[in-house]
Amino acid sequence: MNGNEVVTIKEVVPEGKGITTLRFELDRTARPGQFFMVWVPGVDEVPMSVSYTGRVKGITVREVGTATKALSGLKGGDMIGIRGPYGRGFAMPKGKFLVVGGGTGIAAVLPAVEMADDKDIVDVALGARNASEIIFEERAENASNHVHVSTDDGTRGFHGTVVAMVDDILKKHSYDQVIACGPEKMLYYLLEVCKKHGVESQMSLERFMKCGSGLCGSCVIDGKRVCADGPVFYGREISDMLEFSKAKRDEAGRLIKL
Ligand SMILES: Cc1cc2nc3c(=O)[nH]c(=O)nc-3n(C[C@H](O)[C@H](O)[C@H](O)COP(=O)(O)OP(=O)(O)OC[C@H]3O[C@@H](n4cnc5c(N)ncnc54)[C@H](O)[C@@H]3O)c2cc1C
Ligand code: FES
């Protein structure tokens, strides 16, 4: 049953600048990389990745506009509506893998780190614009023996983009797969780096979503519905997408340049 369920917020956790996690009980199975359609009463319904997959689920919200601002302002005891989880999540790789999260994308990949069989088969690369936007570092360290951090402005860890840091990591270590979520520009360059090092990848994409369940077509990229065929796609599938990093559809379905 994926229908709408009204849940009560149990806990609100500030994670970093403009980033907040909301925790609530929901007795549904969710896999890393899947997402919910989250209804904020009187405001809007928006897609949010599952940042905690246990019985007490979580979403981690970055304030960018009206709905995310309303979500970030909620308190314990407030109600939201949840549909889902929807979509194709990350397939847990066989062998050793590197999990890469950029900005709020870290929230979508962290459950995959925690699902690894042991701390030695998963390494983690977390990147953000500055130190105040690095989230879930401690959570990553609890699940992996090698957590690398980068900031664009050098305020924490490697000074540069997470993609430049991953390029360095892949020169020294080999992995069977890379799993990633982050801004599309980051994913574009990361895919190039993965191809250069001959590593297969899975990446989570974002497109404008209305129904979230494969019916309306608003999230289509090159004929694929991101909500139902994705949001996680293999690097080899993304390589065939002409709109990847080039164009996306707006709320009215118009194709706009990225
Ligand atoms: C599969 C998926 C998972 C996501 N996971 C997260 C997450 O874990 N945390 C997080 O903070 N954000 C996540 N997002 C992005 C989030 O849905 C948007 O930031 C949010 O919808 C913005 O709404 P707004 O009213 O605050 O801002 P608006 O001012 O309405 O929009 C700001 C920008 O957000 C995007 N956006 C707006 N509405 C939608 C929509 N219905 N579907 C997709 N994009 C939209 C557009 O690019 C728009 O330009 C995810 C998006 C997708 C598609
Ligand atoms: S959001 Fe409706 S088909 Fe994907």
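Leaving aside its neighbours within four places in sequence, which residues is Y234 in contact with? That one is picked up in the last view; this is a predicted model, and the legends below walk through it piece by piece.

**View 1. The protein splits into two domains.** Domain 1 covers 5–86 and domain 2 covers 97–257. Taken over C-alpha atoms, their centres sit 20 Å apart. The contact between them draws on 19 residues of domain 1 and 18 residues of domain 2. On the domain 1 side, the elements giving two or more residues are β1 (5–16), β3 (35–40), β4, β5 and β6 (79–86). Of these, β6 has the largest share, with three residues. Sorted by class, that side of domain 1 has eight nonpolar, seven polar and four charged residues.

**View 2. Ligand 1 has residues of both domains around it.** The shell takes at least three residues from domain 1 and at least three from domain 2. In total, 23 residues surround ligand 1, and the closest are V46, S49, G65, A67 and T68. If you'd rather think in elements, β4 (44–49), β5 (56–62), α1 (66–72) and α2 (105–114) each put in at least two residues. Strand β4 gives the most, with five residues. As for chemistry, the shell has 13 nonpolar, six polar and four charged residues.

**View 3. Six strands make an antiparallel open sheet.** Read across, the order is β4-β3-β6-β1-β2-β5. Strands β4 and β5 are the edges, each with a single partner strand, so each has one side without a neighbour in the sheet. On average, neighbouring strands here are turned by 40° against each other, if you ignore direction. At the β4 end, β3 and β4 pair antiparallel over six bridges. To find your place in that pair, look for V40, which stands opposite D44 in β4. Strand β4 is also the element that gives the most residues to the shell around ligand 1.

**View 4. Seven strands make a mixed open sheet.** This time the order is β10-β9-β8-β7-β11-β12-β15. Its edge strands are β10 (158–159) and β15 (232–234), each of which pairs on one side only. At the β10 end, β9 (residues 146–151) runs parallel to β10, and two bridges join the pair. S150 stands opposite F158 of β10. As a reminder of what holds such a sheet together, strands pair through backbone hydrogen bonds, either parallel or antiparallel.

**View 5. Helices α2 and α4 pack on the seven-stranded sheet.** Helix α2 touches β7 (97–102), β8 (122–128), β11 (177–181) and β12 (200–204), and its direction makes about 155° with that of β7. Helix α4 (residues 162–172) touches β7, β8, β9 and β10, and its direction makes about 150° with that of β8. Helix α2 turns up in View 2 as well, where it supplies at least two residues of the shell around ligand 1.

**View 6. Strand β11 is covered on both faces.** Is β11 largely enclosed or largely open? Five of its five residues are buried, so the rest of the structure largely encloses the strand. In a regular strand the side chains alternate between the two faces of the sheet. Here Q177, I179 and C181 lie on one side, V178 and A180 lie on the other, and all are buried. Strand β11 runs parallel to β7, with five bridges joining them. One handy marker there is L98, whose bridge partner in β11 is V178. Strands β11 and β12 also run parallel and are joined by five bridges. In that pair, Q177 has E200 of β12 as its bridge partner.

**View 7. Y234 sits in strand β15.** Zoom in on Y234, a residue of β15, which is an edge strand of the mixed sheet. Y234 has 13 C-beta neighbours inside 10 Å, so it counts as partly exposed. Back to the opening question: leaving aside neighbours within four places in sequence, Y234 is in contact with E200 and Q202. E200 is the β12 residue that has Q177 as its bridge partner. To get a sense of scale, compare Y234 with D167: the two are 67 residues apart in sequence and 19 Å apart in space, C-alpha to C-alpha.

Terms used:
Residues are numbered from 1 along each chain as its sequence is written. Chains are lettered from A and ligands numbered from 1 in the order in which they are written. This is a predicted model: local features need pLDDT of at least 70, side-chain atom pairs count only at pLDDT 80 or more; totals for chains, interfaces and linings use all residues. A residue is near a molecule or strand if its C-beta atom, placed from the backbone, lies within 6 Å of it. Helices (H or I, at least four residues) and strands (E, at least two) are DSSP runs, numbered from the N terminus. Ala, Val, Leu, Ile, Met, Phe, Trp, Tyr, Cys and Pro count as nonpolar, Asp, Glu, Lys and Arg as charged, and the others, Gly among them, as polar. Domain bounds come from an automatic or database domain assignment. Two residues are in contact if their C-beta atoms, placed from the backbone, lie within 7 Å. Two strands pair if DSSP finds at least two bridges between them. Axes are lines fitted to C-alpha atoms, for helices over the stretch in contact, and angles run from 0 to 180 degrees between N-to-C directions. A residue is buried if 20 or more other C-beta atoms lie within 10 Å of its own, exposed if 12 or fewer, and partly exposed in between; C-beta atoms are placed from the backbone.
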